[in-house]
Amino acid sequence: MELLQNLLGTEAGLAVWTLLKILAIVAPLMIGVAYLTLAERKVIGYMQIRIGPNRVGPKGLLQPMADGLKLLLKEIILPTRSSKGLFLIAPVLSIMPALAAWAVIPFTDSLVLANIDASLLFIMAITSMGVYGVIVAGWAGNSKYSFLGALRSSAQIVSYEISMGFALVGVLMVSGSLNLVDIVNQQGHGIGGGSALSWNWLPLFPLFLVYLISGVAETNRAPFDVAEGESEIVAGFHVEYSGMAFAVFFLAEYANMILVSALTAIMFMGGWLSPFPASWGALGASGVIWLLVKMSLVLFMFLWFRATFPRYRYDQIMRLGWKIFIPLSLVWVLVLGAWMMSPLSLWN
Amino acid sequence: MSFQAVVFYVLSLVLIVAAFRVVTAKNPVHAALYLVLAFFTASGHWLLLQAEFLAIALVLVYVGAVMVLFLFVVMMLDINIEKLREGFWQHFPLAGTVALVMVAEMVLILSSPEANLAGFQAGPAVAADASNVRELGRQLYTVYLLPFEAAAVVLLVAMVAAIGITMRKRADSKYINPAEQVRVRRNDRVRMVQVQAVKPEADSASDINEQQA
């Protein structure tokens, strides 16, 4: 960094250094997205006693590259009487929040692009922008099917955002901070000297469940994928898209999955902290590897859900969001407040 | 020109263009999306003023929630744009007068010596590690506790009223009780009837036997 600042001057050097850091986050993220698609096909394949893709490269490892190349070479078709500008900007609107949220995600207590105080709020604000990509894509295509898909999908995203927000209220109550680094560090104290038992998932178990399930609904994944209920409305809001424009929506969905899994790991599963007590030597040491392990665990559950559960009916999804999750998380926030004020409090 | 000044002018340009397009856009959906852009850019201005909590709250509340529902309504309405633009010149004199009065009022206020815009100073410098969020929370829950709670009660009343208005019984409501659906057993829906595949034709069978004999 000092080298760059000497070469380019203070401000330009800082800008280039920050751009390099952004690249160091986004490039592995994109590779992760590519291989998550392969992992999904492989995992679901084995769960259904199939092999999954195994033709391109050794064991099918180059399959994502082949898929990407295929989509790149396809033509992007603009529907007649569509709103052209909006039609092309919608995929960008949809992937932008999925990438921008990574600005404040901490990988260890020092490895974070922007360690700001309101990082939890920043994440909630940025991810709430994601719904615009869906709405604009559905409307701009000038197609009834994509519009219906967009209405379904955005209504679902908006509803589950509320219960997700309330689940996070519980987290910020016990950690007394909106800073993600502080939230993880707070989980390192308590029972077992900062082992898996002291993390937020245990005392906040109902909120953990609400957050995890809302996360699945928020990313429009099965069993909440009515947005693309193939049997009812073709493929949902992106039915008019082809080629790379479609691929960007696809990338955004998987980037969102990785983001939600990272957030679940940070808020409830101790982030980069080791699940073993600190006295266990190398096993007890915290590090970015633990964060990756926890994220993989949550991502595997996402894939597992898709292979296991049948799709929810639309009214059942809305009922679960509004009539079960929101009251549940509200009541648990009250219980938590009383718990923290009582002598039994774990967070002093 | 410092980096902050460049960002300020870029944001201001985008904000002005977006605000102008909100009024002039032909399609109401485009207008609503320009309004979203205007909100987002305004929150960028607040970030420049180091009011990060307000900036993020603006995005969270207006961009993330209010405007989404607004867009929903605008998209679902089947608006005939040609019809809306009829009579534009007919109403222009009245609208122009109102606009002129508003501009005149604003110029009067901003240019008056009492406003003292020239004497307006930048706020006191804040420490680099000062937490905007912590300070706002402390102020809201100590100094301004009563107004804050009053605002919360007003919002709650509005929310209860909105729910109350929609909660009336409707004849064409297709509400299904999920608990009843879950409790349903096979016997409630299906009646098993034992039907014999072939009619018992004892007489004809005995006839055939006789013929063979």
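The following paragraphs describe helices, packing, a pocket and backbone geometry in a predicted model of chains A and B. Residues are numbered from 1 along each chain as its sequence is written, and chains are lettered from A in the order in which they are written. Because the model is predicted, local features require pLDDT of at least 70 and side-chain atom pairs count only at pLDDT 80 or more, whereas totals for chains, interfaces and linings use all residues; side-chain values use heavy atoms, with hydrogens and water left out.

An unreviewed UniProt entry places the feature "transmembrane region" at residues 12-38, 86-108, 120-141, 162-181, 201-217, 254-274, 280-304 and 324-342 of chain A; such annotations may be inferred rather than shown by experiment. Helices (H or I, at least four residues) and strands (E, at least two) are taken as DSSP runs, numbered from the N terminus. On this basis, residues 86-108 of chain A are 65% helix and 0% strand, with end C-alpha atoms 39 Å apart. For residues 254-274 of chain A the helix content is 71% and the strand content 0%, and the end C-alpha atoms lie 26 Å apart.

Helix H9 of chain A (residues 205-218) contains 14 residues and spans 19 Å from its first C-alpha to its last, close to the 20 Å expected at 1.5 Å a residue; the expected span is 1.5 Å times one less than the number of residues. Of the 14 residues of H9(A), 10 are buried, where buried denotes under 20% relative accessible area, exposed over 50%, and partly exposed in between (1.4 Å probe, protein chains only). Among the buried residues are A:Leu207, A:Phe208, A:Tyr211 and A:Glu218. The buried residues of H9(A) pack against helices H7 (144-175), H11 (243-268), H12 (288-308) and H13 (314-341) of chain A, contact meaning heavy atoms within 4.5 Å. Just after H9(A), A:Asn220 adopts a positive phi of about 60 degrees.

The largest nonpolar core (buried Ala, Val, Leu, Ile, Met, Phe, Trp, Tyr and Cys residues joined through side-chain atoms within 4.5 Å) comprises 103 residues, and those with the most contacts inside it include A:Trp102, A:Tyr132 and B:Leu71. H11(A) gives the most to this core, contributing 14 residues. Residues touched by A:Tyr132, not counting those up to four places away in sequence, include A:Leu93, A:Ala137, B:Leu33, B:Met67 and B:Leu71.

The second largest pocket encloses about 1700 Å³ of space. A pocket is an open set of points on a 1 Å grid over the protein atoms alone, where a 1.4 Å probe fits, with protein on both sides within 12 Å along at least five of seven lines; lining residues have an atom within 4 Å of a point. Its volume is the space filled by probe spheres set on the points, which are joined across faces, edges and corners. Of the 39 lining residues, A:Ala114, A:Ile116, B:Phe3, B:Leu47 and B:Leu48 lie nearest the centre of this pocket. The largest share of the lining, eight residues, comes from H2(A).

Most residues other than glycine have a negative phi. In the loop between H2 and H3 of chain A, A:Ile49 has a positive phi of about 55 degrees and is exposed at 78% relative accessibility. A:Lys59, in the loop between H2 and H3 of chain A, has a positive phi near 60 degrees and is exposed, with a relative accessible area of 69%.

Chain B contains 10 helices and zero strands. Of its 213 residues, 15% count as buried.
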